[in-house]
Each structure stands twice: as C-alpha cells, then as structure tokens.
Amino acid sequence: MECANRIQVLDKNDDVYSVIKKITEEGGLDESFYVCDVSELVWKCNNWKKLIPRIEPYYAVKCNDSRIVLQTMAALGTGFDCASREEIRRVLSLGVKPNKIVFANPTKKISHIIYAAEMGISAMTFDNEFELYKIKKHYPGAELILRIKCDDVTAKYVLGQKYGADPEQESERLLSLAKSLDLNVIGIAFHIGSGCSNYAIYLEALAAARHVFDIGKSLGYVFRFLDIGGGFPAKKSNSIDEIAKYVNKGLAEYFSDTNLQIISEPGNYFVNSAFKLVSNIHSKRIITEARKNGAKETSLRMYYIDVSLYTALIPVLFQEFYECRPVKSIPNAPEYPSIIWGPTCDCSDKISNGAVPMRDMEIGEWMIFEEAGGYTLSIASEFNGFPVPDIHAVVNEEDWLFLTEKAPKPLSREKFVSSKNLESYLTGLGTPCTFRTNYF
C-alpha cells in the first residue's frame with residue numbers, strides 16, 4: 001500500500017475532523033478506524049515539560065502499545081515504562097537505548113529477568129524479598145528500585161492492594177536484605193493509584209519516599225533515582241496544572257538535590273485525547289412501546305456499530321463511557337432515546353451508558369467516539385471474528401517540521417505523506433492510510 005504506516009501531514013485548512021469527514025464521505029469504507037492526532041502527543045509532552053520540568057516522563061507502554069505512539073514518544077525523547085519482555089522488545093526495536101527503559105513490574109517472570117539482563121535493561125522495581133532472591137540469582141547486576149505503597153484511597157483504581165511495600169513496616173527490612181545480598185538499590189518508586197482525585201496525596205507520598213531515602217542512607221546506600229508513578233488525568237477537559245503544584249511543592253520540600261533523576265510513568269495522559277474512534281452503523285432497530293392510560297407511544301432506537309467492547313472499547317466494562325456523536329451534524333434535529341450496541345453475539349456488548357439522546361441515524365452513517373486512546377488498542381481482541389480497527393495518523397505542519405528536524409530523535413520524512421498524496425490514495429483504494437495494529 002502506497003502510504004501504509006505513514007503519517008498524513010495536514011494542510012493548513014485541515015484538522016482531524018475534516019480528515020474524518022473526507023474518509024467517511026469519499027473513501028468507500030465501511031469498517032471502523034482510529035484517527036491518531038500526533039500533534040496532541042507533541043503538545044502533551046511540551047505541556048508536561050513546562051509544568052513539571054524536573055520530572056522526565058517514561059511513557060507507560062501498557063496504555064497504548066501501537067507503533068505510531070511508541071515511535072512518536074521515542075522521537076520526543078521520553079523514556080519507557082515496560083512491564084514485560086514483549087514490551088521491552090517493542091521499545092528496543094525502535095532504537096531506544098536500554099538506559100531509557102525501566103522494567104517497572106515488581107513481580108517479574110524469571111525468563112523476563114534474564115531477557116532484561118541480556119538486553120542491558122538494568123533498572124527494575126521490587127517490593128518483596130522473593131523478588132530479591134530471584135534477581136540475585138538471575139541478574140545480580142541489576143539496578144533496583146524499591147516500590148513503596150502510598151495510596152489515594154479515593155482513586156478509581158487503588159494499586160496498593162496488589163503492589164508496594166509499606167514504607168514504615170517493610171522498607172527497612174527489604175533494604176537490609178538487599179544490602180546483605182550485595183544488590184544495588186538505586187532509589188524508590190510509588191504509584192498513588194489511577195483516577196486520583198486527592199492530589200495532596202503526592203505530598204504524603206513524597207514525604208514517605210524521603211523517609212525511605214533516609215533509611216537507605218543509614219544502610220550505606222546513596223539513592224539517585226525517584227519514580228512518582230502514573231495515574232495522571234486523561235481527559236482533555238482536565239489538566240495536570242493542579243497536580244503539578246503539589247508535585248513541585250513536594251519535590252522542593254523533600255528532594256531539592258538537582259542531581260537526582262526523577263521520572264514518572266504517564267500513559268493515559270498522553271494518548272487518551274490523541275485518539276478518536278470512528279465507527280459505522282451497520283444495523284438499526286426501533287422498538288415502540290405504548291404508554292399506559294392512552295398516553296403517546298415512545299420509541300427506542302437501537303444502533304449496531306462495527307466495533308465491540310472487545311475490539312476497541314473494553315474500558316466500558318469498567319464503567320468508562322465515551323462521548324459519542326454522529327460525524328454528520330444536523331442542527332436542531334429532534335433527538336430520541338438510543339442505545340448503541342457492538343456487533344458481537346454477546347448481549348453485554350453494549351457501548352452506550354443506557355439510552356442516550358441522539359438524532360435519528362441511518363444505516364451506513366458514522367459515529368465518532370472521542371478520547372479513545374487509553375487501554376483500548378492494547379487490550380483489544382478479535383472476539384467473534386471482528387477485526388481491531390486500523391489507525392490513521394495525522395500531524396499538523398508545525399509539528400511535522402519539529403518531529404523531522406528539531407525533535408530529540410528526529411523521524412525520517414519517509415514516515416510522512418502529504419494531504420495531496422492522500423487524496424489520490426483514497427480515490428484509488430477507498431481505504432485510509434493506516435498504521436496497522438499488527439505493524440510490529
């Protein structure tokens with residue numbers, strides 16, 4: 001395919017929505033696709049550096065492991081948080097140096113520890129004595145990071161119930177054991193939980209980390225590394241401004257040493273708002289019910305689209321619903337209670353949060369699901385034989401120039417295609433220029 005695995009450079013008069021309109025109206029396509037706005041990734045990275053300049057982002061691969069995201073983050077100079085051998089392999093395949101990867105899984109398979117050793121991935125987390133014994137046997141030269149527990153109990157996903165050593169009750173024992181095993185512990189990590197609402201918890205977590213730093217010093221360690229985890233706001237309507245205030249305050253109070261390497265593990269923050277899912281309505285049903293006592297009839301519209309929870313929107317299973325709307329706007333059109341279903345035979349494959357108000361739509365029309373980049377592609381499967389949508393990547397001219405000329409690790413111009421070339425491509429093939437999900 002002429003422009004497969006390439007990024008469309010937008011004309012000045014184009015944006016993501018005009019591209020979606022062009023593909024859906026002129027492409028002759030009937031399968032869902034994602035649009036990845038690479039410029040959003042660039043903006044998020046610049047915003048991070050402006051607000052939290054002391055902290056180096058290490059992108060959490062598990063959130064969205066598509067090649068377009070990984071190669072853009074590599075070009076922007078971020079590090080990577082990997083949790084498995086395969087994630088490490090994917091990142092290394094982009095030319096990322098081993099010292100830009102942290103193996104941030106406190107409980108690792110032995111074969112994955114051995115692979116990390118072979119690849120020179122030295123930084124890795126632990127939170128228990130059994131992990132120390134494994135590492136001593138299979139990778140004694142690793143640079144270890146003790147993960148401690150400090151949860152925001154109001155977080156949507158409280159991670160401390162699975163990972164993290166108690167900073168008061170367990171940290172000294174574990175650091176003493178590491179010392180007796182002659183293992184090199186270089187610092188501390190924590191993760192306050194995903195979907196955090198109490199940002200002041202960062203002050204508590206940083207104070208706890210400082211406490212463990214001091215314990216390490218008393219045992220003869222000189223820590224030089226701090227990882228403050230992930231869980232940052234993913235919605236475009238939310239910002240990290242408030243978090244930045246607490247984090248910067250805590251760092252100034254507890255970690256004034258400018259030689260300390262400080263990282264974080266943002267995932268959703270980068271990718272969620274960068275992706276839009278565009279899906280086709282392939283079937284429709286109207287259910288009419290007569291109300292009691294002679295009242296007017298009510299009708300419920302049911303639309304069946306060509307992506308399911310399993311192929312694209314699995315976060316819905318965890319009550320993460322998506323803003324959606326028709327691609328084609330019809331001002332002042334009447335709205336009706338509507339339910340959106342996926343295409344599989346599973347009766348729980350329900351996309352909408354109950355009946356939502358929506359104008360009457362026809363078979364063949366398209367819908368946009370906003371902010372669909374986090375934990376969608378990376379968890380997707382082809383359940384019931386329905387494919388995972390391809391990715392169509394776009395970037396504005398300014399960011400194209402930055403990524404090819406001024407980025408920390410510039411991308412080749414061969415990875416891009418102009419809008420002019422894309423139009424002839426669409427006319428000839430009737431399908432979007434995509435980064436296929438199986439590109440690795």
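# Exercises on a predicted model

In this predicted model, the largest pocket has a lining of 48 residues, and those nearest its centre are Lys 62, Tyr 157, Ser 194, Asn 268 and Tyr 375.

## Exercise 1. The largest pocket

Task: Determine how much space lies in the largest pocket, and which classes of residue form its lining.

Solution.
Step 1. The space in the largest pocket is about 1,300 Å³.
Step 2. Sorted by class, the lining of this pocket comprises 25 nonpolar, 12 polar and 11 charged residues.
Step 3. Among the elements that each supply at least two lining residues are strand 4 and helix 10 (268-271).

## Exercise 2. Two residues with positive phi

Task: Locate Glu 371 and Tyr 375, and state whether each is buried, partly exposed or exposed.

Solution.
Step 1. Most residues other than glycine have a negative phi.
Step 2. Glu 371 has a positive phi, near 50 degrees, and Tyr 375 likewise has a positive phi, near 55 degrees.
Step 3. Glu 371 belongs to the loop between strand 16 (366-369) and strand 17 (390-395). Tyr 375 also lies in the loop between strand 16 and strand 17.
Step 4. The cut-off for a buried residue is under 20% relative accessible area. Glu 371 has a relative accessible area of 14%, so it is buried. Tyr 375 has a value of 28% and is therefore partly exposed.
Step 5. Tyr 375 is also one of the lining residues that lie nearest the centre of the largest pocket.

## Exercise 3. The surroundings of Ile 201

Task: Find where Ile 201 is placed and which residues it contacts beyond its neighbours within four places in sequence.

Solution.
Step 1. Ile 201 is in helix 8, which covers residues 201-218.
Step 2. Its relative accessible area is 4%, so Ile 201 is buried.
Step 3. With neighbours within four places in sequence left aside, Ile 201 is in contact with Cys 150, Asp 151, Asp 152, Ile 192 and Cys 196.
Step 4. For one of these partners, Asp 152, the separation from Ile 201 is 49 residues in sequence, while the C-alpha to C-alpha distance is 6.2 Å.

## Exercise 4. A lysine in helix 2

Task: Decide whether Lys 44 is buried or exposed, and name the residues that it touches.

Solution.
Step 1. Lys 44 is part of helix 2 (residues 38-51).
Step 2. Its relative accessibility is 5%, and Lys 44 therefore counts as buried.
Step 3. Not counting residues up to four places away in sequence, Lys 44 touches Ala 234, Tyr 269, Phe 270 and Ser 273.

## Exercise 5. The buried residues of helix 4

Task: List the buried residues of helix 4 and identify elements that cover them.

Solution.
Step 1. In helix 4 (residues 85-92), the buried residues are Glu 87, Ile 88, Arg 90, Val 91 and Leu 92.
Step 2. An α-helix has 3.6 residues a turn, so residues three or four places apart point the same way.
Step 3. The cover over the buried residues of helix 4 includes helix 3 (67-75), strand 4 (79-82), strand 5 (101-103) and helix 5 (110-119).

## Exercise 6. The chain as a whole

Task: Explain why the chain is as compact as a globular protein of its length.

Solution.
Step 1. The chain contains 12 helices and 18 strands.
Step 2. Its radius of gyration is 24 Å, close to the 22 Å given by the globule rule for 440 residues, so the chain is as compact as a globular protein of that length.
Step 3. The C-alpha trace spans about 75 × 60 × 40 Å along its principal axes.
Step 4. Of the 440 residues, 53% are buried.
Step 5. Among contacts with a separation of 6 or more, 72% join residues 24 or more positions apart.

Technical notes: Residues are numbered from 1 along each chain as its sequence is written. This is a predicted model: local features need pLDDT of at least 70, side-chain atom pairs count only at pLDDT 80 or more; totals for chains, interfaces and linings use all residues. Side-chain values use heavy atoms; hydrogens and water are left out. Buried means under 20% relative accessible area, exposed over 50%, partly exposed in between (1.4 Å probe, protein chains only). Helices (H or I, at least four residues) and strands (E, at least two) are DSSP runs, numbered from the N terminus. Contact means heavy atoms within 4.5 Å. On a 1 Å grid over the protein atoms alone, a cavity is a set of points where a 1.4 Å probe fits but cannot get out, and a pocket is an open set with protein on both sides within 12 Å along at least five of seven lines; lining residues have an atom within 4 Å of a point. Grid points are joined across faces, edges and corners, and a volume is the space filled by probe spheres set on the points. Ala, Val, Leu, Ile, Met, Phe, Trp, Tyr, Cys and Pro count as nonpolar, Asp, Glu, Lys and Arg as charged, and the others, Gly among them, as polar. The radius of gyration is taken over C-alpha atoms; the globule rule is 2.2 Å times the number of residues to the power 0.38.
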